[in-house]
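Me: Please take a close look at one part of this structure, namely its salt bridges, and set them in the context of the chain around them. A connected account would serve better than a list.

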Amino acid sequence: MTAIKHALQRDIFTPNDERLLSIVNVCKAGKKKRNCFLCATVTTERPVQVNVVKVKKSDKGDFYKRQTAWALRDLAVVDAKDAVKENPEFDLHFDKVYKWVASSTVEKNTFISCIWKLNQRYLRKKIDFINVSSQLLEESVPSGENQSVAGGDEEAVDEYQELNAREEQDIEIMMEGCEYAISNAEAFAEKLSRELQVLDGANIQSIMASEKQVNILMKLLDEALKEVDQIEMKLSSYEEMLQSVKEQMDQISESNHLIHLSNTNNVKLLSEIEFLVNHMDLAKGHIKALQEGDLTSSRGIEACTNAADALLQCMNVALRPGHDMLHAVKEQQQRFSDLREQFARRLASHLNSVFVQQGHDQSSTLAQHSVELTLPNHHPFHRDLLRYAKLMEWLKNTDYGKYEGLTKNYMDYLSRLYEREIKDFFEVAKIKMTGTTKEGKKFATLPRKESAVKQETESLHGSSGKLTGSTSSLNKLSVQSSGNRRSQSSSLLDMGNMSASDLDVADRTKFDKIFEQVLSELEPLCLAEQDFISKFFKLQQHQSIPGTTTNEAEEMDGGTLSRSYTSGGPQTVSSEKDMIRQMMTKIFRCIEPELNNLIALGDKIDSFNSLYMLVKMSHHVWTAQNVDPASFLSTTLGNVLVTVKRNFDKCISNQMKQMDEVKISKKSKVGILPFVAEFEEFAGLAESIFKNAERRGDLDKAYIKLIRAVFVSVEKVANESQKTPRDVVMMENFHHIFATLSRLKISCLESEKKEAKQKYTDHLQSYVIYSLGQPLEKLNASIFYFSLHFFEGVEARVAQGIREEEVSYQLAFNKQELRKVIKEYPGKEVKKGLDNLYKKVDKHLCEEENLLQVVWHSMQDEFIRQYKHFEGLIARCYPGSGITMEFTIQDILDYCSSIAQSH
């Protein structure tokens, strides 16, 4: 094994700079035995790497080759299989489990012990050793030849170093000259000593022979020093000769330097003078324009604008260090400041005059708009003022105090002007809505319907001609039915909570058009004024330009904040977009309250107007938010939309409250309840209004609330009804609700539609069974009166366990008793009973729903079903008796048909 180990070290591991520490002869477990060697190695270079190498003997020759190598850090588990008994098998867990059988247990234990020591010394990750004897896992190294190789004393191993090629060659040459060195080491050592003495003597003689040459060298150095002294004396004489020339050259150089410095200063001075003249000299034409320029003509405004820009450039020139100390510069700056102050004052005064003059011209056109629902157009006013936009920008950059003053004056004046225009505009809208003049006299009345809906409207009056009054409440709502519909009385309803059926569709259409026209007039007015403010006051909002975002607008203006100059200095108050919103809020401060007043008036006239207003206002809010979500128009319309939504919710709540408070007459039949008809009209109106509307979700929620309230109220009225049977009230009203929902096809009420149909069907069946089976007097009874006692008794006996064919033997239910019962009700009595039943049903049902024929047909079917039931009972309980009723099914059909035709 030692020879193999040395051979492997020499042939395989030494060329790879590795040292072999342990070796074990193994073969794979369970397979054909092909021996190989597992070797534990370490590298000779730092950092040390520890490997487990599999070496296999080549098939083509008697040499070994390296087959597989695993890094020791990848070894997870070493399994020795048995810690007590000797077992040559062991497992190494790398990426997979490798099972080996060693040639001997000693080799296996030595190899595992080496692996354990290498793990302890070189690896941070500790390998798991299982089924290994504790004696192997100790620091001490087993005795024997493996002690020095297995890694127990690393320092001893490190002392051994191999000879390189040159050292081997020198030793071989030396040993060839002394063949006896191996056999006689003492003679070899004596020879080496004699040769060393000879070399030392030769070195001493060489040193003594070199003394003469050293003396010669010292003599040559002395001669060289003398030559150097002579050269230095000559150089000194030459320097004295050139001293006078040097002084003259210094004087000439200094003179040239002063001349060059003077020229440089002159050039710099000329450059500074040219800079000041070019940048701080204002043309006489510009000065004249600033002092006397015409601010009324377009040419004069352009000249003043150019002069103001030139003045601003002169004042904002970046002076070089020291310029501000020059007297001429100070005078020029003072002159510029005086010109700026003079022109700013003249410009502010002129613009204030323009505001006033344009306002007077605008007021003169108000008369023609006072009778029309239109707002005056401010475009000419804006167009004339926009000529001064660049001058306003100049004023903003040079004198913010006057710029701010102009801004406040504009807001104060325009707010009063717009307030007059908007109030007059809303006054006209209110007049057109209510049909009254400004003096409060009615020139049109609300339409009256043929159903005798009576209403009175108080005059609208006020000190300033505004609509300050309120409509009077309805004194009484009486509905006269032409046939069988009940009269409704003592129902006092406020006009604002009036049923939708009490107003003509034309009035609602007119209100919708007026409200839409109001919003359509306000929207371009606000957008045009906002666009003008951003352009004229240079606030760079640009909301009217599609595709320009707020961030882009801020970048166009440099992202600066507006400043207000007070006695204490400049102060940052808000961003420019906030300033636009503040200006718009002050100028149009009357829009929101006027809109709220108009909405309140529309709600008073007809609470259903809130449906129109919700749709229209939602659409305009959506449009405004698409343009600019944070604009004044979007914010204002959003606030008003909240009010409209509250009115809409109030309208729904009032309808539900009316349902809860409805009272029915005790002396007349119920018929279709008024709130059921009102829901039908509300739903039809709402579907026409909310078609493709943005707020469809609000309507769906209202539908759910209303329909549930309708269901509850119908149940309540049906339970309280004394004149009309409960089943009739439920049947007719739920049939009407089902028909309404089927016609309108409201998707969110599909479940309620099914529920209404089910309730209608259930109560129709209940009413039919109740009407046919109720006990009446003999002549007026239904045909089933005779069955109530006799056949119920028959069925009771059968239920008690008596066989059906034995019932006829009962004394009370024999054939003779059956013949008496049948004989007592001949066909004419049956027809008479059916005729009385038809009249009774006709009294219960109302004409509006037209369910008489449906109910009569259901009664006919139920009558025939029970007839067949009794015939079958007679056949089963009285077999072979030949007893039958005195009328047939065909007779029943004929009776029902003739009764229906006669009525």
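Reply: The account below begins with the chain as a whole, turns to the salt bridges, and ends with a helix contact and a surface patch.

The model is predicted. Its chain has 903 residues, of which 42% count as buried, and its secondary structure comprises 28 helices and 10 strands. When contacts between residues at least 6 apart in sequence are considered, 66% of them join residues at least 24 apart. The area that the chain exposes is about 50900 Å², and carbon and sulfur atoms supply 51% of that area.

Within this framework the structure holds 26 salt bridges. Three of them are examined here in turn.

The pair K616 and E516 links two helices. The closest N and O atoms of this salt bridge are 4.0 Å apart. Because K616 belongs to helix α18 (residues 609-627) and E516 to helix α14 (residues 505-536), the pair ties together parts that are 100 residues apart in sequence. Both partners are partly exposed: K616 has a relative accessible area of 24%, and E516 has one of 23%. With buried defined as under 20%, neither value meets that cut-off.

Helix α14 also contains a salt bridge of its own. K535 pairs with D531, with 3.1 Å between the closest N and O atoms. These two residues are four residues apart in helix α14, so about one helical turn separates them. Their surroundings fall into separate classes: K535 is partly exposed, with a relative accessible area of 32%, whereas D531, at 15% relative accessibility, counts as buried. The assignment of D531 follows because buried means under 20% relative accessible area.

A wider arrangement is also present, in which salt bridges that share partners join E341, R345, D399 and K402 into one network. One of the bridges among these residues is that between E341 and R345, whose closest N and O atoms lie 3.5 Å apart. Both residues are in helix α9 (residues 327-363), where a spacing of four residues corresponds to about one turn of the helix. E341 counts as partly exposed at 31% relative accessibility, and R345 is likewise partly exposed, at 47%.

Charged residues also appear in a contact between helices. Helix α13 (residues 400-434) and helix α16 (residues 576-587) have axes that come within 8 Å and cross at roughly 35 degrees. On the α13 side the contact involves Y400, T407, Y410, M411, D412, L414, S415 and Y418, which meet M579, M583, K586 and I587 of α16. By class, this contact of α13 with α16 has eight nonpolar, two polar and two charged residues.

Finally, the surface offers a setting of another kind. I231, L235, Y238, M241, L242, V245, M249 and I252 form a nonpolar patch there, with about 850 Å² of accessible area together. One member of the patch, L235, has its place in helix α6 (residues 211-279). L235 counts as exposed because its relative accessibility is 51%, and exposed means over 50%.

To draw the salt bridges together: K616 and E516 connect helix α18 with helix α14, K535 and D531 pair within helix α14, and E341 and R345 pair within helix α9 while also belonging to the network with D399 and K402.

Methods:
Residues numbered from 1 in each chain as written. Predicted model: local features only at pLDDT ≥ 70, side-chain atom pairs only at ≥ 80, totals over all residues. Heavy atoms only, no water. Patch = residues over 30% accessible without salt bridge, like charges linked within 9 Å, V, L, I, M, F, W, Y side chains within 5 Å. Areas by Shrake-Rupley, 256 points an atom, 1.4 Å probe, with all protein chains shown as cover. Salt bridge = Lys/Arg side-chain N within 4 Å of Asp/Glu carboxyl O. Buried < 20%, exposed > 50% of the residue type's maximum accessible area, 1.4 Å probe, protein only. Axes fitted to C-alpha atoms, helices over the stretch in contact; angles between N-to-C directions. Contact = heavy atoms within 4.5 Å. Nonpolar A, V, L, I, M, F, W, Y, C, P; charged D, E, K, R; others polar.
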